[in-house]
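Got the viewer open? Let's walk through this structure one selection at a time.

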Amino acid sequence: MSDFPPASSSSGSTAAPFMLDRSKLVPTVDIQDVSHFYGEGEGRKQVIFDNNLTIYPGEIVIMTGPSGSGKTTLLTLIGALRSLQQGSLKVLGKELRGLSTAEQVKVRRNIGFIFQAHNLFDSLTAYQNVRLTTELHDYTPEQRHQLPINMLTDLGLKERLHYKPANLSGGQRQRVAIGRALVNQPKLVLADEPTAALDKDTGRQVVTLLQHMAKSQGSAIMIVTHDNRILDVADRIVNMVDGYIVSNIEVAENIAICKFLSKCSVFEGASPNLLSEIAGKMKREKHPFGTPIIKQGDLGDKFYVVRNGRVEISKSKDGRTDTVVHLGPGAFFGELALLRNEPRAATVTATEPVEVLTLSKEVFLEVRKNLGTFEEQLRKATFGGH
Ligand SMILES: Nc1ncnc2c1ncn2[C@@H]1O[C@H](COP(=O)(O)OP(=O)(O)OP(=O)(O)O)[C@@H](O)[C@H]1O
Ligand SMILES: [Mg+2]
């Protein structure tokens, strides 16, 4: 490995596609520095710590994390089911901080909730339970009759339209509750373990329905789940631990970066798992034409992989500056200063608009260690442990 490999060590121009430009979309959910506490006085306990999360129309976000990590709490804050104590939280363009109870109720009307406690009305049939929530919206009598039937049919309950909750199974009740949450085609759906009480096929039916709503109407959908079988519908996977969002991974982008990294010589031998982990830790930076990305003599704090565009490496000595090499997509630079704890040995300048992926020094050194372990494992596997 060299700090500035020759251009031939670049792995070709396999730049992954650009991400969808969301800068013009209004986020459906915009969480900024949100914290939350339960209890009072001595018993006051913080359970959500300075979290940030943005969800755009049409996105399906899956949140995972250990029991007690704060997932349901965050979901109820987004749903205006709990008052926001600290930070800013905008839902469908409306700031929730400081809302009166009446205003919170109004916000909730535009959200589809799929929560564990179904709260179905026992005296009403499945059809009537779903129809009830259409009353708050403008529909023709015909639509008001037909929409609940269509929804329950999509959920596999065509034969159970006129059953009351007491005569339905747990999974069927769960589906009625889902129908109730989705019948008005809300622009935001919040679901807490929606597939927990469902068998594999019914669970799949429900997530397919959610996926359809996201893609055909631009609904944003946030699902808290432990169900690994439904991870494939996620556009983004968010992991919460002890009240902190510890990772927020855009799936398509992550896969594109993994494919890209798998062709970079520096990550040769990394397993898909390790690549995915690395991709999740990489940050994207854009540098306009002419910008120095790193400067000779500076202390090194990051490792870089060129994703798009070209850079020029130049070295200055005795008042003279010479171009050493040009690098393109797939090439990397900046690792020697990190490995040797030395200042940067050259300057790297963008000679086109450039997109780079970076790893912090700390993460880079950790990754190198893991790659080492991987190589050792491979050797052991190949030579039967000798
Ligand atoms: N109403 C409440 N009053 C006091 N503490 C609460 C309350 N609700 C939740 N907690 C505490 O807040 C923390 C986060 O709980 P939360 O229900 O948000 O976790 P979770 O990630 O949804 O867990 P699970 O996966 O088990 O559903 C836990 O320590 C829990 O004990
Ligand atoms: Mg929970």
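Before the first click, one working rule: a residue counts as near a molecule if its C-beta atom, placed from the backbone, lies within 6 Å of it. Keep in mind, too, that this is a predicted model.

**Stop 1: the ligand**

Select ligand 1 and show what surrounds it. You should get Tyr 38, Gly 39, Val 47, Gly 65, Ser 67, Gly 68, Ser 69, Gly 70, Lys 71, Thr 72 and Thr 73. Colour that shell by class, and you'll find two nonpolar, eight polar and one charged residues. Which helix gives the most to this shell? That's α1, residues 71-78, with three residues.

**Stop 2: Val 47**

Stay with the shell and pick Val 47, which sits in strand β2. Is Val 47 buried or exposed? Somewhere in between: Val 47 is partly exposed, because 16 other C-beta atoms lie within 10 Å, and the partly exposed class falls between the cut-offs of 12 or fewer for exposed and 20 or more for buried. Now show what Val 47 touches, skipping neighbours within four places in sequence: His 36, Tyr 38, Gly 70, Thr 73 and Gly 243. If you like distances, draw one from the C-alpha atom of Val 47 to that of Phe 37; the two residues are ten apart along the chain, and the gap reads 5.7 Å.

**Stop 3: the sheet with β2 in it**

Switch to cartoon view and look for an open sheet of four strands, in the order β2-β1-β4-β5, with antiparallel pairing. β2 (45-55) and β5 (94-95) are the edge strands; each has a single partner, so one side of each is left without a neighbour in the sheet. For a look inside, select β1 (residues 29-38) and β4 (residues 86-91), which run antiparallel and are joined by five bridges. One place to zoom in is Ser 35, whose bridge partner in β4 is Gln 86.

**Stop 4: the six-stranded sheet**

Next, find the open sheet of six strands, ordered β6-β7-β8-β3-β9-β10, where the pairing is mixed. Which strands stand at its edges? They are β6 (111-114) and β10 (244-250), each with a single partner strand, so each has one side without a neighbour in the sheet. Neighbouring strands here are turned by 15° against each other on average, direction ignored.

Zoom in on β6 and its pairing with β7 (residues 188-192): the two are parallel, over four bridges. Ile 111 stands opposite Leu 188 in β7, and Ile 114 stands opposite Ala 191. Turn on the side chains of β6. In a regular strand, side chains alternate between the two faces of the sheet. Here Ile 111 and Phe 113 point one way, Gly 112 and Ile 114 point the other way, and all are buried.

**Stop 5: the nonpolar cores**

Pick Val 189 next. Val 189 belongs to the largest nonpolar core, which has 57 residues; Val 189, Leu 190, Ile 221 and Met 222 have the most contacts inside it. Not counting residues up to four places away in sequence, Val 189 touches Gly 112, Ile 114, Ala 181, Leu 182, Leu 210, Ser 219 and Ile 221. Apart from that core lies another, of 35 residues; to find it, select Leu 261, Val 306, Ala 346 and Leu 357, which are among its members.

**Stop 6: two loop residues**

Now for a pair of aspartates. Asp 242 is in the loop between β9 (236-241) and β10, and its phi is positive, about 50°, although it is not a glycine. Asp 242 counts as partly exposed because it has 13 C-beta neighbours inside 10 Å. Then jump to Asp 318, in the loop between β14 (311-317) and β15 (320-327). Its phi is positive too, near 45°. Asp 318 is exposed, with 4 other C-beta atoms within 10 Å.

**Last stop: the whole chain**

Zoom out. The chain has ten helices and 18 strands, and its C-alpha atoms fill a box of roughly 85 × 55 × 50 Å along the principal axes. Of the 386 residues, 36% are buried. Among contacts with a separation of 6 or more, 73% join residues 24 or more positions apart.

Key: Residues are numbered from 1 along each chain as its sequence is written. Chains are lettered from A and ligands numbered from 1 in the order in which they are written. This is a predicted model: local features need pLDDT of at least 70, side-chain atom pairs count only at pLDDT 80 or more; totals for chains, interfaces and linings use all residues. Ala, Val, Leu, Ile, Met, Phe, Trp, Tyr, Cys and Pro count as nonpolar, Asp, Glu, Lys and Arg as charged, and the others, Gly among them, as polar. A nonpolar core is a set of buried Ala, Val, Leu, Ile, Met, Phe, Trp, Tyr and Cys residues joined through C-beta atoms within 7 Å. Two residues are in contact if their C-beta atoms, placed from the backbone, lie within 7 Å. Two strands pair if DSSP finds at least two bridges between them. Axes are lines fitted to C-alpha atoms, for helices over the stretch in contact, and angles run from 0 to 180 degrees between N-to-C directions.
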